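Visitor: I should be grateful for a close look at a single part of this structure. Please describe one loop and the residues around it, and then place it against the interior of the chain.

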Amino acid sequence: VTTCCFFQLFAFEPSHLFVQSFPSGKRIMDLTPDARSSSDFASAICWTPPLVLVQRFMLLVVQLCPGLYRQDFLRSLSLCAKLMQCCKYKYADVVVIFAYASVYFRRVIAARCRKMSDDEVACVCVLCIYLAHCFVLDEETPLRHWQKHVFRAAHSCKELDAVVFEIFQTLDFRLQLSQADENAALGMLLGCKLRRDRNSTLKNSPFSLGG
């Protein structure tokens, strides 16, 4: 699936992503990587473009697993965003959650030791988002709510709990990301090229943007 085809499918231009401006006139995509913790970052990102975030996350996932290029998977991701919106999570936090989840998913897919169906991979991806929200926020919306509102009848809580533990085990029980991986994943989701002068390890990151 090419980037061009993906953007055409969802009818939006990548250049239009997250172009809110600060009072100073600086755009969010011009921020340095560590600026996401600033109050300006939090105030500039609001809940107006959640679908854009979901689309960008799906693009990253589809590049790894083309079989997930499906409407039902996009719907599942949208339900994840909607659930966190209903829980009143700040949009800036949700962006970070999706960034962490993208790294978790990449690592799980790279380490998988057996063939998984597209449905299994989709389940793993959503549960990576669940794990990321637990870590980033240091709190959780209980898994039963994810089962009810995202998975619905597809999986039981017991099944999901087992998969969560398997993912956690695959990640060596480490949910913290290096600053390089976090910054690079955020850059991919925000549609911007991060500055690398403060951390040269970005050049070797699996999410390196090149250039």
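Guide: In this predicted model, Phe173 lies in the loop between α8 and α9. The backbone there is noteworthy: Phe173 has a positive phi of about 60°, although it is not a glycine. Most residues other than glycine have a negative phi. A further non-glycine residue with a positive phi is Lys88, at about 65°, and Lys88 also belongs to a loop, the one between α4 and α5.

The two residues may be set side by side in terms of accessibility. Phe173 is partly exposed, with a relative accessible area of 45%, whereas Lys88 is exposed, at 72%.

The side chain of Phe173 takes part in aromatic pairing. The structure holds six aromatic pairs. One of them joins Phe165 and Phe173 in a tilted arrangement, with 6.0 Å centre to centre and 55° between the planes. Phe165 counts as partly exposed, at 47% relative accessibility. Phe173 also pairs with Phe168, here edge-to-face, with 5.0 Å centre to centre and 75° between the planes. Phe168 is likewise partly exposed, at 26% relative accessibility. Because buried means under 20% relative accessible area, none of these three rings belongs to a buried residue: Phe173 stands at 45%, Phe165 at 47% and Phe168 at 26%.

The helices on either side of this loop nevertheless contribute to the interior. α8 (157-170) and α9 (179-190) are among the helices that each supply at least two residues of the largest nonpolar core. That core has 60 residues, and those touching the most other members are Phe57, Phe98, Tyr104, Phe105, Leu127, Ile129 and Trp146. Its largest share, 14 residues, comes from α5. Tyr104 is also part of an aromatic cluster, together with Tyr100 and Phe135.

Phe57 offers a view from within this core. Leaving aside residues up to four places away in sequence, Phe57 touches Leu77, Phe98, Ala101, Ser102, Cys125, Ile129 and Leu189. Phe57 is one of the buried residues of α3, which also include Val54, Arg56, Met58 and Val61. Eleven of the 15 residues of α3 are buried, so this helix is largely enclosed by the rest of the structure. From its first C-alpha to its last, α3 reaches 22 Å, close to the 21 Å expected at 1.5 Å a residue.

Conventions. Residues numbered from 1 in each chain as written. Predicted model: local features only at pLDDT ≥ 70, side-chain atom pairs only at ≥ 80, totals over all residues. Heavy atoms only, no water. Core = buried A, V, L, I, M, F, W, Y, C linked by side-chain atoms within 4.5 Å. Buried < 20%, exposed > 50% of the residue type's maximum accessible area, 1.4 Å probe, protein only. Helix = DSSP H or I, 4+ residues; strand = E, 2+ residues; numbered from the N terminus. Contact = heavy atoms within 4.5 Å. Expected span 1.5 Å × (residues − 1). Phe/Tyr/Trp six-rings, centres within 6.5 Å; stacked < 30°, edge-to-face > 60°.
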